[in-house]
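Trainee: Please take one strand of this model and walk me through it closely. I would like its surroundings first, then the wider chain.

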Amino acid sequence: MASLNRPGGNLTGISGLQSELGPKRLELLHELVPKATTIALLVNPNNVDVEKLTRDVEATARNLGLEIQVLRASTEGGLNGVFARLADTPGRPLVIGADAFLVSRSETLARLGLQYAVPTIFQLREFAAAGGLMSYGSNPKDSFRQVGIYAGRILRGEKPADLPVQQPTKFELVINLQTARALGLTIPLPLLGRADEVIE
């Protein structure tokens with residue numbers, strides 16, 4: 001690929017920018033739980049981006065004066081083990097890394113976060129809607145719509161090489177106030193004011 005603006009060859013596409021938002025999710029969670037000096041990061045060790053995500057989140061943590069505890073899980077049983085381990089350190093926040101396996105378990109992750117009283121942030125709105133504390137990421141529906149637009153343009157004769165790879169420009173912060181209350185957390189007003197959606 002020559003560049004995102006002019007991919008060349010027979011390529012173009014839509015990027016979701018999910019792993020790249022790990023550091024921002026860490027910042028948001030730190031803003032919500034500022035007294036926590038260590039924040040956990042859950043990753044799937046089988047994900048090809050796991051090393052980059054871990055490095056990026058660790059770098060942001062250092063800038064904020066935080067320690068990162070990297071936890072790994074790639075099975076349902078592994079997820080239960082991660083949350084049981086976090087329960088030994090009450091109130092330790094958790095950033096959930098972007099990953100297809102973890103996305104497929106977003107409702108389970110939300111339930112475990114509530115069950116074990118772990119403040120969590122993930123990429124999908126559905127996570128917060130299912131009882132997770134917060135989500136921050138692009139809206140997949142926007143990406144699907146853009147895919148449809150590109151398919152139409154290519155079918156009308158445009159060359160993929162001339163269509164820039166699209167990246168999201170809008171990101172949504174969703175906060176579940178009901179979960180925050182259950183965890184005994186007060187959402188700071190500046191953070192609440194930046195939320196695109198508040199679930200009560």
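**Strand E5 and its setting**

Mentor: Start with one pair of residues. Phenylalanine 122 stands opposite serine 135, which belongs to strand E5. Keep in mind that this is a predicted model.

E5 covers residues 134-137. On one edge, strand E4, residues 120-122, is joined to E5 by 2 bridges. E4 and E5 run parallel. Strand E6, residues 172-176, is a further partner of E5. Here the pairing is antiparallel and spans 4 bridges. Within that pairing, tyrosine 136 has leucine 173 of E6 as its bridge partner. So E5 has a parallel link to E4 and an antiparallel link to E6, because each pairing meets the requirement of at least two bridges.

Now turn to the faces of E5. Which residues lie on each side, and are they buried or exposed? Met134 and Tyr136 sit on one side. Ser135 and Gly137 sit on the other. All four are buried, and both faces of the strand are covered. Tyr136 therefore counts as under 20% relative accessible area. Ser135, the residue opposite phenylalanine 122, is also buried.

Step back along the chain to the loop that leads into E4. Alanine 117 is located there, between helix H5 (106-115) and E4. Its phi is near 55°, a positive value in a residue other than glycine. Most residues other than glycine have a negative phi. Alanine 117 has 40% relative accessibility, so it counts as partly exposed. Compare the residues of E5, which are buried on both faces.

Another piece of packing involves two helices. Helix H1 is residues 22-32, and helix H2 is residues 50-63. Their axes come within 8 Å and cross at roughly 35°. The crossing is right-handed. H1 contributes Gly22, Pro23, Leu26 and Glu27 to the contact. From H2 come Leu53, Asp56, Val57, Thr60 and Ala61. By type, the residues of this contact are 5 nonpolar, 2 polar and 2 charged.

Finally, place these parts in the whole. The chain holds 9 helices and 7 strands. Of its 200 residues, 49% are buried. Take the contacts with a separation of 6 or more: 71% of them link residues 24 or more positions apart. The accessible surface of the chain is about 10,100 Å². Carbon and sulfur atoms account for 51% of that surface.

Methods
Residues numbered from 1 in each chain as written. Predicted model: local features only at pLDDT ≥ 70, side-chain atom pairs only at ≥ 80, totals over all residues. Heavy atoms only, no water. Buried < 20%, exposed > 50% of the residue type's maximum accessible area, 1.4 Å probe, protein only. Contact = heavy atoms within 4.5 Å. Areas by Shrake-Rupley, 256 points an atom, 1.4 Å probe, with all protein chains shown as cover. Axes fitted to C-alpha atoms, helices over the stretch in contact; angles between N-to-C directions. Left-handed = near helix turned anticlockwise from the far one by under 90°. Nonpolar A, V, L, I, M, F, W, Y, C, P; charged D, E, K, R; others polar.
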